[in-house]
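These are my notebook entries on a single protein chain. I record what I looked up, in the order in which I looked.

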Amino acid sequence: MIEGWVSAFGTETALPAEAVPFVAARLSRPAERAAPPFVRFGDSPALARAWRKLEASASMPMQSHAFASALASTLLAGTDIDLFFVRDDDGRLAALLPLAREPGRFARRTAIGADQVCEPHDALCLDAKAARSLAEAIARDGRALELDRIPAASPLIPALREAMRGKGWTSVRPATPAPTIELDSGWKDPASRFNSGRRSDFRRAARRAGEFGKVEFELLAPRPGEFDALFDEAVAVEARSWKHEAGTAIAADRAKESCFRHFFRSACADGTFRIAFMRIDGEAVAMQMALEWKGRYWLFKIGFDEKYERCSPGTLLMLHTIGRAAERGLSAYELLGNVEPWIAQFWTRESHDCVCLRAYPFNARGGAAFAGDAAAWLRKRLAPARA
């Protein structure tokens, strides 16, 4: 494999304090690193094209060049983003991982997007051999690494553990899982998958919606020329919910709105963007923005107008889109985000396990990162006792 890198991220994880002496005792060992070729994110159109081809091996849309580009130009504007990558023996791109480079001599590298949009992330690898070569390039870089929410089955985890052997210490700890609904033909009538109490709730919500006016559902795959008007309508629906006052609505954060507009517009051009509405007398009262990608429905954004809260429009729209996803033969309905209490209570307890992966090289940078994380871990452990 031929190694390289480009620039990118930042997050947090707890570590056992007892490991501090183990690391500190070896800080004097010189870092074993070979300076990799450096390519700043966005500086290589050829690499971007190769990245898009490698997306055939992706397991999540968050591994796409479009997602990284949306983050880099909005929420991470001004951040140094480096892309670590490896090529196979024929010179073809085989693996890559964008990492944010924090400022400062002892700063670590972090995954892009986990802090900004709270979605899982992972390296994009053609196979296990490519993952091993990528891990070796990362290990030789000599900086601490933090991947806050990576799938537990990622091939990068065992590869990095092996690459860091004798060069540093790795930590793998549970992280927030990603909720999912595995679909089959029975989900074509989603209400039937719930108990009698929940079915009664659905019927009551539908009756109340009918009292407001004529109810209609839309699930659209818009053309690029239709995108902006529909996106603006969806953002306006979310802004009429509790999210706006809480500051979590897209409209409350101009950079976040720009990020999702950029990403979803790219998906629209690819034909994977989906936007859904529940309307009452023509007015949008609930919305979803999602991707239909690799046989799965990836739900990124939801919202509803609080004026219609009595009829649970968000619930009714989710029932509709789950049923449509099953009708289309999709294999799963990925809820993304975190496992919120309402998801586990009302929709699904299924999830994809995720972990927080951290690597600390045996050098001053790794020691500084480890000391900072150990101190944070101790503060967290001591906080209840002080209270």
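**Entry 1: strand S3**

Leaving aside neighbours within four places in sequence, with which residues is Leu96 in contact? I note at the outset that the model is predicted. I found that Leu96 touches Trp51, Leu54, Leu83, Phe84, Phe85, Ala123, Leu124 and Leu134. I located Leu96 in strand S3, which covers residues 93-101. Is Leu96 buried or exposed? Its relative accessible area is 1%, and the limit for a buried residue is under 20%, so I entered Leu96 as buried. I then compared positions along the chain with positions in space. Leu96 and Leu124 are 28 residues apart along the chain, yet their C-alpha atoms are separated by 5.4 Å.

**Entry 2: helix H5**

I next looked up Ala137, which belongs to helix H5, residues 128-141. Ala137 is buried, with a relative accessible area of 4%. How far from Ala137 is the C-alpha atom of Phe84? I read a separation of 7.4 Å for this pair, whose members are 53 residues apart along the chain. Phe84 had already appeared in my notes as a contact of Leu96.

**Entry 3: Thr170**

I placed Thr170 in strand S7, which runs over residues 168-182. With a relative accessible area of 17%, Thr170 is buried; the cut-off is under 20%. Once its neighbours within four places in sequence are set aside, Thr170 contacts Leu160, Arg161, Met164, Arg358 and Ala359.

**Entry 4: the nonpolar cores**

Which members of the largest nonpolar core touch the most other members? I listed Phe264, Phe273, Met289, Leu291 and Phe300, out of 47 residues in that core. There is also a second, separate core of 30 residues, and Trp187, Tyr297, Met318 and Tyr333 are among its members.

I then followed Met289 more closely. Apart from neighbours within four places in sequence, its contacts include Phe264, Phe273 and Phe300, as well as Phe231, Ala234 and Ile250. Arg274 and Lys301 are also among the residues in contact with Met289.

**Entry 5: helix H10**

Does the length of helix H10 agree or disagree with what is expected? H10 has 17 residues, 254-270, which at 1.5 Å a residue should span 24 Å; I found its end C-alpha atoms 24 Å apart, so the two agree.

At the N-terminal end, Asp253 acts as a cap, with a side-chain oxygen 3.1 Å from the backbone nitrogen of Ala255. After the helix comes Gly271, which has a positive phi, near 85 degrees.

I next listed the buried residues of H10: Lys256, Glu257, Cys259, Phe260, Arg261, Phe263, Phe264, Ala267 and Cys268. An α-helix has 3.6 residues a turn, so residues three or four places apart point the same way. What covers the buried residues of H10? The cover includes helices H3, H4 and H8 together with strands S9, S10 and S11.

**Entry 6: two loop residues**

Most residues other than glycine have a negative phi. I therefore noted Asp281, which has a positive phi of about 50 degrees although it is not a glycine. Asp281 lies in the loop between S9 and S10, and at 55% relative accessibility it counts as exposed.

Lys294, in the loop between S10 and S11, also has a positive phi, near 50 degrees. Its relative accessible area is 45%, and I entered Lys294 as partly exposed.

**Entry 7: cavities and the largest pocket**

How many cavities of 30 Å³ or more does the structure hold? I counted two. The largest cavity holds about 130 Å³ of space. Among the 16 residues lining this cavity, Met62, Pro98, Ile112, His121 and Asp122 are the closest to its centre. S3 gives the largest share of the lining, three residues, and H3 supplies at least two.

I finished with the largest pocket, which holds about 1200 Å³. Its lining has 42 residues, of which Trp242, Lys243, Ile302, Glu340 and Trp342 are the closest to its centre. H10 is one of the elements that give two or more residues to this lining; others include H4, H7, H9, S10 and S11.

Key: Residues are numbered from 1 along each chain as its sequence is written. This is a predicted model: local features need pLDDT of at least 70, side-chain atom pairs count only at pLDDT 80 or more; totals for chains, interfaces and linings use all residues. Side-chain values use heavy atoms; hydrogens and water are left out. A nonpolar core is a set of buried Ala, Val, Leu, Ile, Met, Phe, Trp, Tyr and Cys residues joined through side-chain atoms within 4.5 Å. Buried means under 20% relative accessible area, exposed over 50%, partly exposed in between (1.4 Å probe, protein chains only). Contact means heavy atoms within 4.5 Å. Helices (H or I, at least four residues) and strands (E, at least two) are DSSP runs, numbered from the N terminus. The expected span of a helix is 1.5 Å times one less than its number of residues. A polar contact is a pair of N or O atoms within 3.5 Å; within protein, one must be able to donate a hydrogen and the other to accept it, and residues adjacent in sequence count only if both atoms are side-chain atoms. On a 1 Å grid over the protein atoms alone, a cavity is a set of points where a 1.4 Å probe fits but cannot get out, and a pocket is an open set with protein on both sides within 12 Å along at least five of seven lines; lining residues have an atom within 4 Å of a point. Grid points are joined across faces, edges and corners, and a volume is the space filled by probe spheres set on the points.
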